[in-house]
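Reader: Hey, got a minute to walk me through this one?

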Amino acid sequence: MDKSEKLALTLSGMLLVLFFGAIMYASVAQNIEVPTCITDMEPFATDTLFQTGPDTYELQMVSRMWAFQPSTVRLPVGSTVDLYVTSQDIIHGFKVDRKNINLMAIPGAINYMRVTFNEPGEYLYACHEFCGAAHHTMAGRFIIEEGIDEPEVEGDAL
Ligand code: CUA
């Protein structure tokens, strides 16, 4: 083996040991952990819909292969929803039919839009970013009705 090859190999080996040592030092001595996913943190991990005023709500929408959580959101007519969208795995899209809502659902990021539902009816939402084999099944709906006292969500746990 050439002398310079030996030197390069030795240096690479020493660097590997050095980097591994640095990782071990950070995790054991400094107790530093890798940041967790947004979707494992509050409020995405548990609650999805909060009432923030008489007609206003905050909705935490998680997208994943291949569903939205929640999959159904039932709200009274006249509701304004602050919509926070993120992804648990890969990039998805979030588009609400008949509303000017078109967001990307990106892992590690939260995207926001506000939407008001003044007309009763069903407003489908769907993933508009090709995300794999069951992309075409990735959808949900807002159900906007008169006379709802308790807003509700379905499809929390997948
Ligand atoms: Cu998610 Cu397409």
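Author: Sure. This is a predicted model, and a handy place to start is V96, whose bridge partner in strand 9 is Y125.

Reader: How many bridges are there between strand 6 and strand 9, and in which sense do they pair?

Author: There are 2 bridges between strand 6 (residues 92-96) and strand 9 (residues 121-126), and the pairing is antiparallel.

Reader: OK, and what's the strand order in the open sheet?

Author: The order is 7-6-9-10-4-11, so to speak the full run of 6 strands in an open sheet with mixed pairing. Strand 7 (101-105) and strand 11 are the edges, each pairing on one side only. From one strand to the next, the twist averages 15 degrees.

Reader: Let's look at strand 4. Is that buried or exposed?

Author: Strand 4 (residues 72-76) has 4 of its 5 residues buried, so the rest of the structure largely encloses it.

Reader: What does strand 4 pair with, and how?

Author: Strand 4 runs parallel to strand 10 (residues 139-145), with 5 bridges joining them. With strand 11 (residues 152-154), strand 4 pairs in the antiparallel sense over 3 bridges.

Reader: And which residues stand opposite V73?

Author: In strand 10, V73 stands opposite F142; in strand 11, V73 stands opposite V153.

Reader: Switching to aromatics. How many aromatic pairs turn up in the whole structure?

Author: The search finds 7 aromatic pairs. One of them is Y84 with Y112: the ring centres are 5.0 Å apart and the planes sit at 40 degrees, so this pair is tilted.

Reader: Why tilted?

Author: Because planes under 30 degrees apart count as stacked and those over 60 as edge-to-face, with the rest called tilted. The Y84 and Y112 planes are at 40 degrees.

Reader: Where are Y84 and Y112?

Author: Y84 is in strand 5 (residues 79-87) and Y112 is in strand 8 (residues 111-117), so the pair ties together parts 28 residues apart in sequence. Y84 is partly exposed at 25% relative accessibility, and Y112 is partly exposed at 41%.

Reader: Which residues do ring pairs link into a cluster?

Author: F68, F94, F117, Y123, Y125 and F142. Y125 is the bridge partner of V96 we began with, and F142 is the residue opposite V73 in strand 10.

Reader: Last one: which residues make up the nonpolar patch on the surface?

Author: F20, I23, M24 and V28, with about 420 Å² of accessible area together. V28 is in helix 1 (residues 3-29), and V28 is exposed, at 61% relative accessible area.

Notes: Residues numbered from 1 in each chain as written. Predicted model: local features only at pLDDT ≥ 70, side-chain atom pairs only at ≥ 80, totals over all residues. Heavy atoms only, no water. Buried < 20%, exposed > 50% of the residue type's maximum accessible area, 1.4 Å probe, protein only. Pairing = 2+ DSSP bridges. Patch = residues over 30% accessible without salt bridge, like charges linked within 9 Å, V, L, I, M, F, W, Y side chains within 5 Å. Areas by Shrake-Rupley, 256 points an atom, 1.4 Å probe, with all protein chains shown as cover. Salt bridge = Lys/Arg side-chain N within 4 Å of Asp/Glu carboxyl O. Axes fitted to C-alpha atoms, helices over the stretch in contact; angles between N-to-C directions. Phe/Tyr/Trp six-rings, centres within 6.5 Å; stacked < 30°, edge-to-face > 60°.
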